[in-house]
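User: I'm new to this one and would like a close look at a single part of it. Could you start with one cysteine and then show me what surrounds the story?

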Amino acid sequence: QFDKQVCISYLITIITVLCVWYNNTDSLKSSIQKRNMKLVSLFILSVSARIVAAFAPLQKIVTSYTPVHLSNRKTISLYMGNEASWVSLVDGITNEAAAPVKKLVIKEGNGDIPAAGSKVEIEYVGTIGSSQESWTVDDVLDCWLNNQQGLYDVLSGPFRDNDIDGVMLLNDELFNEEFVSEQLKISNKIQCKKTIMAAKRLRKQIEEFPEGTEFDSSISKGKAFEFILGKGKVIKAMDMLVSTMKVGEQAKIICRSDYGYGSEGYRKVNGDVMIPPFATLCFNITLLSFT
């Protein structure tokens, strides 16, 4: 590998010297137009870049599998060299960009993975994730429209036919009563107004709870959080994540609202809103131990 790199360095040096000589030779300048000379120079540089790319060391994609208790469950972490990538935690969805719940390993653990029923101890920081503008058409249907009473059966078809994603839904200049009645062909005025008002409420809460807003943290409380894994004691996304983690592992998770606090959100005892309805959530979690 060292010899290849030396050869490449010499080759690039020779080509560069030739380019300089070529562009400063009067006899050649007089016979070839400057425009053509620039094209030749660009071509030589392009070939040089391709040569470097061809000899560059290739990194292998490695997926690690770890047997857990009686099941052969995989530790969901994908690597390109030493750099971790987002992976889906939802069965049947391999495209992490479209995954309702996805995980990113920040620090590898070296312990075991807890089984369902284990008492786990974690540290976490929870923040509001990206706004609903990042929603796909399926996200809009599954998360939002499916929770609008009496509207899903009427609007799911028109929403899909017109590709109503998060960007369109939250655009008040586009998604208005005229658009809903004429483009989506909703003639019922009550249904039309109800749809518009629900979209307006969604826009307002995004302004009040911007991305990155911290809503809870065991670290700021100064005490680790404990729960029984797989028993529905926490939101679905947290159960899904911790069940794939090794002791000592630190991971980040992003989850859609139907894997978090859903259409209701979460309020304190005094009524203050901690997490608004339909919020995408982001958690940074470290698995400390389990019994």
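Analyst: Let's begin with Cys282, which counts as buried because its relative accessibility is 12%, below the 20% cut-off for that label. Keep in mind that this is a predicted model. Does a buried cysteine like this have a partner, and if not, how far away is the nearest cysteine sulfur? Cys282 is in no disulfide, and the nearest cysteine sulfur, that of Cys255, sits 8.7 Å away. A disulfide needs two cysteine sulfur atoms within 2.5 Å, and by this rule the count for the model comes to 0 disulfides. Cys192 is another buried cysteine, with a relative accessibility of 5%.

Now for the largest pocket, which holds about 390 Å³ of space. Its lining is made of 18 residues, and the ones closest to the centre are Arg201, Gln205, Ser263, Pro277 and Phe278. Helix H8, running over 189–208, gives the most to this lining, with 6 residues. Strand S11 (273–275) also supplies at least two. Sorted by class, the lining has 9 nonpolar, 4 polar and 5 charged residues.

Stepping back to the whole chain, the protein has 10 helices and 12 strands. Buried residues make up 38% of its 291 residues. If you take contacts between residues at least 6 apart in sequence, 68% of them join residues at least 24 apart. On the outside, the protein exposes about 17,600 Å², with carbon and sulfur atoms supplying 54% of that area.

Conventions:
Residues are numbered from 1 along each chain as its sequence is written. This is a predicted model: local features need pLDDT of at least 70, side-chain atom pairs count only at pLDDT 80 or more; totals for chains, interfaces and linings use all residues. Side-chain values use heavy atoms; hydrogens and water are left out. Buried means under 20% relative accessible area, exposed over 50%, partly exposed in between (1.4 Å probe, protein chains only). Helices (H or I, at least four residues) and strands (E, at least two) are DSSP runs, numbered from the N terminus. Contact means heavy atoms within 4.5 Å. Accessible areas come from the Shrake-Rupley method with a 1.4 Å probe; for residues, only the protein chains shown count as cover. On a 1 Å grid over the protein atoms alone, a cavity is a set of points where a 1.4 Å probe fits but cannot get out, and a pocket is an open set with protein on both sides within 12 Å along at least five of seven lines; lining residues have an atom within 4 Å of a point. Grid points are joined across faces, edges and corners, and a volume is the space filled by probe spheres set on the points. Ala, Val, Leu, Ile, Met, Phe, Trp, Tyr, Cys and Pro count as nonpolar, Asp, Glu, Lys and Arg as charged, and the others, Gly among them, as polar.
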